[in-house]
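Colleague: Could you take me through this model, starting with a contact between helices and then turning to the cysteines?

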Amino acid sequence: MYGNAYIDPNEVNKTHSVLADEDPKLLAEFEARIERGEKIEPKDWMPKEYRKQLIRMIEQHGHSEIIGALPEGTWITRAPGFKRKLALMAKVQDEVGHAQLLYSAAETLGKSREAMINDLITGKSKYSNVFNYPAFTWADACIIAWLIDAGAIINQVANAKGSYGPYCRALDRICTEESFHLKYGHDNVVTLATGTPVQRKMVQEALNRWWPPIMHFFGPSDKISSHTEILMKWKVKMATNDDMRQQFLNMYVPKIWDLGLTVPDANLKKNETTGKWEYTEPDWDEFKRVINGGGPCNAERLAVRRNAEERGRWVREALKAGQTAYVVPFA
Amino acid sequence: MIESLDPRVNRAAIELDNHIEPLSPLDQWETYEVFHQKKRGDQHMHVGIVHAANPEMALVFAKEQFGRRGLSANIWVVNTKHVFASTYEDADIFETTSEKIYREAGGYKVMDKINQYKKSQKA
Ligand SMILES: [Fe+2]
Ligand SMILES: [Fe+2]
């Protein structure tokens, strides 16, 4: 998981004159390079806005991987069966590893990992909104592994073709591992959906709980934002939020229906003329409320992160001491 | 105290408003560049970086991060500050390389000459 390229909803309506003080010649060369399909590497000249938006996006993506490990990790101790426990631990380790890869990519743009962690634990940086919801049952963890990861893959496969070299390289590694997450999640959901009536009920209820966050996952419709336009021109953002949501619905709603499960949206259907899916507009006020701290788990997620940083601090300090060389006293 | 759905979180007895001092610079140590060899005989390939306090720890993290599935035979780690690199601005130093066909096998077309010679002998 969980590359979430949505623009912070608090920022959507700011109109920037982002290029006002950029050197036009350097800007033209930069844009021509991207136009030719070449990658930008860390020490290349880049517009300030490009750097800023990439840091925001990659950092947010990294935080989402770390925080996403919490709702899923909830079920490690009670996974049904040893094989599923091993698999879930492997998946959660992958997600934390993804955060490491992403933080590294963001670091190449000049923000230190300490600064990113500080911004996460103080609530300054965002992470994917879906992880502010709890995983009530094992089935919730299964729905996350299948459908949230599915959404993340759509996003990450698109971004892997972006313009920033280190981000693309990180995403290539990430996408390889995501294919295991998706299969693992699907396998678990299929087991429940083809199981006993109790299991079917459990997975249907989890799907009902997760559907609104899944629809929120790609972020608000951003076709009209001029902000998006320049990010797409610079290949920072590779698809609009709506396009990714459509792609997700097109790939996964049929698979959900295949299992005899229902989607809790009476208006959900594919318009055969336009080829587009129609759905009830997600509740964007709820989205904004949760992203700004009002969700059921925001406070817990950050408190758990702070706790981990704080309790690990003396270990990190102690390890550092090994680097200092012993010098014989003078007198 | 957090009351979580996660028994691990409950066991850790965490306060919700546990404000902490921000991490200071180098809290996450330095970075090491990681080079990974899939199997004996292959070249080591640069695969990314890890943060570590010392080379031994960098190797442990590199194994976790880049060797947890698929083939691995060997890993190198190099402190990032010890890497001396060319710059992309100087990439023009490579610009004429592809013109130097006298360095390539394809730069030598002997068959043309041989065929021409054979033809002239027959005449
Ligand atoms: Fe991930
Ligand atoms: Fe994943």
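Colleague: Which residues in H2(B) are met by A:Gln93, A:Gly97, A:Gln100 and A:Leu101 in H3(A)?

Modeller: This is a predicted model, in which local features need pLDDT of at least 70 and side-chain atom pairs count only at pLDDT 80 or more, while totals for chains, interfaces and linings use all residues. Residues are numbered from 1 along each chain as its sequence is written, and side-chain values use heavy atoms, with hydrogens and water left out. Taking contact as heavy atoms within 4.5 Å, the four residues of H3(A) meet B:Glu64, B:Gln65 and B:Phe66.

Colleague: How are H3(A) and H2(B) oriented to each other?

Modeller: The axes of H3 (residues 82-107) of chain A and H2 (residues 55-66) of chain B come within 10 Å and cross at roughly 115°. Angles of 65 to 115 degrees count as roughly perpendicular, and H3(A) and H2(B) are therefore roughly perpendicular.

Colleague: How many disulfides are there over all chains?

Modeller: A disulfide is a pair of cysteine sulfur atoms within 2.5 Å. A:Cys297 has its closest cysteine sulfur, that of A:Cys142, 18 Å away, which is too far for a bond. By this rule, the count over all chains is 0.

Colleague: Which cysteine sulfur is nearest to that of A:Cys168, and is A:Cys168 buried or exposed?

Modeller: A:Cys168 is in no disulfide, and the nearest cysteine sulfur, 10 Å away, belongs to A:Cys175. With buried meaning under 20% relative accessible area and exposed over 50%, A:Cys168, at 5%, is buried.

Terms used. Chains lettered and ligands numbered in written order. Axes fitted to C-alpha atoms, helices over the stretch in contact; angles between N-to-C directions. Helix = DSSP H or I, 4+ residues; strand = E, 2+ residues; numbered from the N terminus. Parallel < 35°, antiparallel > 145°, perpendicular 65-115°, else oblique. Buried < 20%, exposed > 50% of the residue type's maximum accessible area, 1.4 Å probe, protein only.
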